[in-house]
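Welcome! Let us work through a few exercises together, one step at a time.

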Amino acid sequence: MNAQSKPEMTNLSPSPTNSQADGLRRGDEYLRSLNDGRAVYVDGELVKDVTKHPAFAAATRSAARLFDTAAAPALRDRMTFTSPSSGRPVLRAYQIPRSHADLKARRLASETWSEGTFGMIGRTPDHVSGFFCGYAAVPEVFAAGGKHFAENVVNFYEHLRENHMWATYAIVPPQIDRGKPAHKQSDPTLYAGVVKERDDGIVISGAQQLATGGVISDYLYLSCIHPLQAGDENYAIGVALPMNAAGMKLYPRRPFALQATNSFDYPLSSRFDETDCFVVLKDVFVPWEHVFIYRNTEVCRDQWWKTPSHAYGNLQAQARYATKLRFMMGLAKRMNEMTGNDAHPQVQVQMGEMAAHVQLVESMLEAQETRAAIDANGVMWPCKRSLYAIMALQSDMNPRLIDTIRELTGAAMISLPSSLQDLESPETAEDIERYMRAASTDARSRIALMRMAWDFIGTEFGNRSQQYEKFYGGASFLVKQNMYRSYDFGRGTALVDAALNLPPEL
Ligand SMILES: Cc1cc2nc3c(=O)[nH]c(=O)nc-3n(C[C@H](O)[C@H](O)[C@H](O)COP(=O)(O)OP(=O)(O)OC[C@H]3O[C@@H](n4cnc5c(N)ncnc54)[C@H](O)[C@@H]3O)c2cc1C
């Protein structure tokens, strides 16, 4: 079979066994499915089981709770919708919105998941699910490369939806030499690309960054969001790989959970380190049914901009960010209460300025819904102008907010004991209890809050989280270009033209 013929659908893996009558995936099933032979390397060694390794175990448990939340009867309406094919409940994250109400329902489900992680896990399953909803909503874009590619992407979307799967993605080439296009790199197999076509599929080699959540997901979507040019066809692909694909290795950055000695001193690092993985592929075979884009630079580009994929995925990102900012405001408020500075007018001014930024994010999130529009297929697209406006400001706004908290707390996050053990040792406990308390609370509660704030702002985990907010949607110059392309400059220039053409008064 060549690349243009229609592929046979084979069994897509992985497929969890759902023991419950509703068919929804539970946390324990998810955890079992992660022990599938995926090749994750830490400190030069292959990790045997990510659910047991100290670098990832707690994060996998946090991730498992997302599935339990979605399956909880009390949250069934919020977190699921009825599958159009099976009639069973499936994750709301896979609903293609066809009305404003659908879009809002999507956002509320994302809010519930992000509240479960305080916004600290960026790539929960509803991020890349949004991209696949966008692809399945406008399969014509994929059909431009061949009708079977459109069928493949819709089939794969349905597979993800019906099996409650978690996909992540790696869509940026490695930073080896950005001065040259993909095909002019010193070695053609540095960037992830096709090295061979077979009757039953294609073979891929090379590297791609940066699969956040790679260690804890089911599938990797490998594609390229960077502009590609003539000659780069081998790198213009869109393929799905199970995380245990033969020949694929994941290299997570330094796992912060390894430094998190206990959950009191590192309340966030110890629970929510979602991992960011550099992906290396060596002769990885991809069957045709998992190929959605094949050697086509136009389709590779259009998947992001001519479908609502980017808007759905980033609607989740903004819902999560708004939750994280609310958490941040809560931290700041509690810290001010504890230091006794809360009533100080100047502190209230600073808090008011922070709150204004947070409200802006929340309001722009709603604007993406209220200003959404229906396309010719009856699919509701969030308002991209509202999305890119807030994303464009985020990379400058977030550091400013963090800096205001640093300003407000002085040494409060630093004048703390070395660890929980100082609170427990008979030699030190009395001093800690006596001098490290706050007027309103005892030492243990004060230290717990300040440790939480430091983990949010100052630890390696906290700093990575700030880097995430700067880059999760691409470098800020690119996001600003998205805004430039989305904004209606015509209304402004029309006003200028009208003003220039006013009849003379004098
Ligand atoms: C914590 C984190 C998590 C991430 N998660 C994911 C993920 O899940 N999946 C994924 O695919 N990617 C992910 N990314 C990668 C992210 O998409 C990229 O970091 C982002 O697209 C920026 O690309 P880059 O890192 O190659 O930076 P570069 O493109 O090298 O840009 C770095 C800086 O160089 C300057 N610069 C470069 N080129 C230009 C230019 N043409 N004009 C002006 N200035 C320029 C800008 O200052 C820019 O900020 C993640 C990144 C981070 C930091």
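Before we start, here is how residues are sorted: Ala, Val, Leu, Ile, Met, Phe, Trp, Tyr, Cys and Pro count as nonpolar, Asp, Glu, Lys and Arg as charged, and the others, Gly among them, as polar. Keep in mind that this is a predicted model.

**Exercise 1.** Describe the shell of residues around the ligand.

*Solution.* Begin with the count: 18 residues surround the ligand. Among the closest are Y169, I171 and R178, along with L210 and T212. Next, sort the shell with the classes above: nine residues are nonpolar, five are polar and four are charged.

**Exercise 2.** Find which side-chain or backbone atoms of R123, I171 and Q175 lie by oxygen atoms of the ligand.

*Solution.* Take the side chains to begin with. In R123, a side-chain N or O atom is 3.0 Å from a ligand oxygen. The side chain of Q175 also has an N or O atom 3.0 Å from an oxygen atom of the ligand. Now turn to the backbone: I171 places a backbone N or O atom 2.8 Å from a ligand oxygen. With a cut-off of 3.5 Å for a polar contact, each of these distances can be checked. Finally, look at coverage: of the 970 Å² of accessible area that the ligand has on its own, the protein covers 68%.

**Exercise 3.** Where does the ligand sit, and which elements give residues to its shell?

*Solution.* The ligand takes up the space of the largest pocket. Two or more shell residues come from each of β5 (167-170), β7 (201-212) and α16 (460-471). Of the elements, α16 gives the largest share, with four residues. Last, consider the domains: domain 1 (27-305) and domain 2 (309-489) each supply at least three residues to the shell.

Terms used
Residues numbered from 1 in each chain as written. Predicted model: local features only at pLDDT ≥ 70, side-chain atom pairs only at ≥ 80, totals over all residues. Heavy atoms only, no water. Near = heavy atom within 4 Å. Polar contact = N/O pair within 3.5 Å; in protein donor to acceptor, adjacent residues only side chain to side chain. Areas by Shrake-Rupley, 256 points an atom, 1.4 Å probe, with all protein chains shown as cover. 1 Å grid on protein atoms, 1.4 Å probe; cavity = no way out; pocket = protein on both sides within 12 Å on 5 of 7 lines; lining within 4 Å. Sits in = over half its atoms within 2 Å of the grid points. Domains from an automatic or database assignment.
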